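Q: Could we go through this model together? I would like to discuss helix packing and then charged side chains.

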Amino acid sequence: MTEKNENPNACLICGAPLVYRDRAEPMECAICHQTAEGNASCQTGHFVCDSCHSMSALSAIRSIGLQTNAKDPLVIAKQMMNHPMVHMHGPEHHVLGGAAMLAAYRNCGGTLNLEEALEELEKRGKKIPGGTCGFWGCCGAAL
């Protein structure tokens, strides 16, 4: 996986230049796949709605976990890691692995209140400091 482009004038998905239109038109968000009115997409056609564009990494992980129908936790984890707000070495990974497994469990027929489980996971994951992986000798997600 490549590092995401963080240029504010480039596509959050692929880094291509943005194309602005005179009038808003309905477009499908490349992240949540909802249709929203938008004035800009990249040269390759990616559009990111305002809700996804302003989302924090933990909110993105929670949202993807609640919305995905995937049953493979690796597929779900990759969906989460591909969100522009999720950074390669960020502390959000202390929550991401568990969130992917909980979502997969639910999608495979497991019984749990996923929203409550993700909230508790986030609360616990936030207690693991950033940099733990490099300084404590153990991945913060494993802790």
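A: What follows covers one helix pair and then the salt bridges of this predicted model.

Q: At what angle do α3 and α4 pack?

A: Helix α3, residues 73–81, and helix α4, residues 93–107, pack at an angle of about 135°. Their axes lie 8 Å apart.

Q: Is that parallel, perpendicular or oblique, and why?

A: The two helices are oblique to each other, because the angle of about 135° falls outside the ranges for roughly perpendicular, 65 to 115, and roughly antiparallel, over 145.

Q: And the crossing, left-handed or right-handed?

A: The crossing of α3 past α4 is right-handed.

Q: Which residues make the contact?

A: From α3, the contact uses Pro-73, Ile-76, Ala-77, Met-80 and Met-81. From α4, the participants are His-93, Leu-96, Ala-99, Ala-100, Met-101, Ala-103, Ala-104 and Asn-107.

Q: How many of those are nonpolar, polar or charged?

A: In the contact of α3 with α4, 11 residues are nonpolar and 2 are polar, and no charged residue takes part.

Q: Changing topic: how many salt bridges does the structure hold?

A: There are 5 salt bridges in the structure.

Q: What does Arg-21 pair with?

A: Arg-21 forms a salt bridge with Glu-25, and the closest N and O atoms are 3.4 Å apart.

Q: Are those two buried or exposed?

A: Arg-21 counts as partly exposed because its relative accessibility is 27%. Glu-25 is also partly exposed, with a relative accessible area of 34%.

Q: Which side chains does Glu-120 meet in salt bridges?

A: Glu-120 meets Lys-123 in a salt bridge at 3.5 Å, N to O. Glu-120 also meets Arg-124, at 2.9 Å, N to O.

Q: Where do these residues lie?

A: Glu-120 and Lys-123 both lie in helix α5, residues 114–125, and are 3 residues apart, about one turn of the helix. Arg-124 and Glu-120 are 4 residues apart in α5, again about one turn.

Q: And how exposed is each of the three?

A: Glu-120 is partly exposed, with a relative accessible area of 32%. Lys-123 is partly exposed as well, at 45%. Arg-124 has a relative accessibility of 56%, so Arg-124 counts as exposed, the cut-off being over 50%.

Q: Which residues are joined into one network by salt bridges that share partners?

A: Arg-62, Glu-122 and Lys-126 are joined into one network in that way.

Note on methods
Residues are numbered from 1 along each chain as its sequence is written. This is a predicted model: local features need pLDDT of at least 70, side-chain atom pairs count only at pLDDT 80 or more; totals for chains, interfaces and linings use all residues. Side-chain values use heavy atoms; hydrogens and water are left out. Axes are lines fitted to C-alpha atoms, for helices over the stretch in contact, and angles run from 0 to 180 degrees between N-to-C directions. Angles under 35 degrees count as roughly parallel, over 145 as roughly antiparallel, 65 to 115 as roughly perpendicular and the rest as oblique. A crossing is left-handed if the near helix is turned anticlockwise from the far one by less than a right angle, and right-handed if clockwise. Contact means heavy atoms within 4.5 Å. Ala, Val, Leu, Ile, Met, Phe, Trp, Tyr, Cys and Pro count as nonpolar, Asp, Glu, Lys and Arg as charged, and the others, Gly among them, as polar. A salt bridge is a side-chain nitrogen of Lys or Arg within 4 Å of a carboxyl oxygen of Asp or Glu. Buried means under 20% relative accessible area, exposed over 50%, partly exposed in between (1.4 Å probe, protein chains only).
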